[in-house]
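Biologist: I'd like to learn how to read a fold like this one. Could you walk me through its sheets, cavities and cysteines?

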Amino acid sequence: MTKIKMQTLTHVLNQYFKKNIIVAEYHTTTLHGGTVGNVNLVTGTAETEDDQKFPYQLVLKVQKQWERYNDPGSWRREYDLYMSDLGTTFSGTFRWPKCYYAEMNAEENEFQLWLEYIDGVSGLDLSIEMVEQAALELGRYQGKLYAEQPAVLKSLNNLSHADLMKNTYLHYRSWPVVYNYIRSEDCEFPPHIRQMLIDMDEHSDEMFARIEQLPLVLNHRDFWVTNLIYADGNIALIDWDTSGWGYFGEDIASLVADECDIEHMVEYYQRCVPAYYKGFAEYADAPPLADHCVHEMILFVFGYRLVEGYVHAESDAAKEENLHILQKIYEMKHSPLQG
């Protein structure tokens, strides 16, 4: 069980209940976390001076320093964002979990966040309607920020850069293991999948030229179903360590293609892209939906990653899954959007 300082716990519970908590018992259960985050559900009963007892549920996230390629500040970004005024930009329908206490241990290069526990639907349990709502709410949030440009945006000094997607793609493309594979006689991909990836490389300059004409928005950059929580008709979003400036549509590319329900990926694409555009357009001028670049972004972010997954798969089933996702990405390009 994770050891927790009683002084810290009672301080957090004072903030949580707005009461003078003098003692509390607790139990911890490991939750899914980020790349190296230690995330626990902390439950128990808190007690006041006058013997009142209150049950509670909180999330404790402990993050140690680590290095993400081309993004050295990411390990502490979530702490920095919670210490900023970014929380004031959220709405009741789209937000992050409340933070009751945050502490940075500079000597250990480690921080802890005590966060609200939100009991809702997440991951592959989300219905297509819930995922579509997440796309709509994201569009509204980014559109409002883009239109209003609140002062807090200028104060955020630890964000990933707009060229992160491009640099990550170029890094993958320079790796012979994946680049040479799709061009080799040993490649087991169907010809149309190989050609889709080769075309991506051959036309990458013009594709990025189109993307770089899109609005720059605050992207979460890990916007996939496991980081979404649907509760009481609203959307909460966790794990903000990769967030930063990026291009309009990047987060929707992740929502559609990052470990979602493979059989329904095309439907995610058909419904979520228009929903996102609709939400953004409620606050700011959106680019023409017909000229969207979400499919190109999906290819840049996930194309070579899926090739890598296929090449290094330890089973035929894992190989088939990576190839299946690439097939769905191919089908998206020829699928009309809904809405």
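Modeller: Let's go through strands, then empty space, then cysteines. Keep in mind that this is a predicted model.

Biologist: Fine. In what order do the five strands of the open sheet run?

Modeller: To read a sheet, follow the pairing from strand to strand. Here the order is E1-E2-E3-E6-E5, and the pairing is antiparallel.

Biologist: Which strands stand at the edges?

Modeller: Strand E1 (21-30) and strand E5 (99-105) do; each has a single partner strand, so one side of each lacks a neighbour in the sheet. From one strand to the next, the twist averages 25°.

Biologist: How many bridges join E1 to strand E2?

Modeller: Nine, with E2 covering residues 38-48 and the two strands running antiparallel. If you want a pair to click on, take threonine 29, whose bridge partner in E2 is leucine 41.

Biologist: What about strand E4: parallel or antiparallel to strand E10?

Modeller: Parallel. E4 (residues 94-95) is joined to E10 (residues 234-237) by two bridges. Arginine 95 has alanine 236 in E10 as its bridge partner.

Biologist: And in which sense do strand E9 and E10 pair?

Modeller: In the antiparallel sense: E9 (residues 228-231) has four bridges with E10. Look for leucine 228, which stands opposite leucine 237 in E10. E9 and E10 form a hairpin, and two residues lie between them. Check the backbone there, as aspartate 232 in the turn has a positive phi of about 55°.

Biologist: Now the empty space. How do you find it?

Modeller: You roll a probe the size of a water molecule over the atoms, and that shows where empty space is left. Searching the whole structure this way turns up two cavities of 30 Å³ or more.

Biologist: What volume does the largest cavity have, and which residues line it?

Modeller: The space in the largest cavity is about 40 Å³. Its lining is made of Gln142, Leu145, Tyr146, Gln149, Leu153, Leu216, Val217, Leu218 and Trp245. Helix H3 (128-148) and strand E8 (216-219) are the elements that each give two or more residues to this lining. By residue class, the lining of the largest cavity has seven nonpolar residues, two polar and no charged.

Biologist: Which residues line the second largest cavity?

Modeller: That cavity, with a volume of about 30 Å³, is lined by Ala162, Asp163, Met165, Lys166, Phe208, Ile211, Glu212 and Tyr247. The elements giving two or more residues to the lining are helix H5 (164-173) and helix H8 (204-211). For the second largest cavity, the lining divides into five nonpolar residues, no polar and three charged.

Biologist: Last topic, the cysteines. How many disulfides does the structure hold?

Modeller: Zero. The test is a distance: the two cysteine sulfur atoms must be within 2.5 Å. Cysteine 272 is in no disulfide, and the nearest cysteine sulfur, in cysteine 260, is 8.7 Å away.

Biologist: Is cysteine 272 buried or exposed, then, and what is its relative accessible area?

Modeller: Buried, with a relative accessible area of 0%.

Biologist: Why is the sulfur of cysteine 293 not in a bond with the closest cysteine sulfur?

Modeller: Because that closest sulfur, in cysteine 272, is 17 Å from the sulfur of cysteine 293, which is too far for a bond. Cysteine 293 also counts as buried, at 3% relative accessibility.

Key: Residues are numbered from 1 along each chain as its sequence is written. This is a predicted model: local features need pLDDT of at least 70, side-chain atom pairs count only at pLDDT 80 or more; totals for chains, interfaces and linings use all residues. Side-chain values use heavy atoms; hydrogens and water are left out. Two strands pair if DSSP finds at least two bridges between them. Axes are lines fitted to C-alpha atoms, for helices over the stretch in contact, and angles run from 0 to 180 degrees between N-to-C directions. On a 1 Å grid over the protein atoms alone, a cavity is a set of points where a 1.4 Å probe fits but cannot get out, and a pocket is an open set with protein on both sides within 12 Å along at least five of seven lines; lining residues have an atom within 4 Å of a point. Grid points are joined across faces, edges and corners, and a volume is the space filled by probe spheres set on the points. Ala, Val, Leu, Ile, Met, Phe, Trp, Tyr, Cys and Pro count as nonpolar, Asp, Glu, Lys and Arg as charged, and the others, Gly among them, as polar. Buried means under 20% relative accessible area, exposed over 50%, partly exposed in between (1.4 Å probe, protein chains only).
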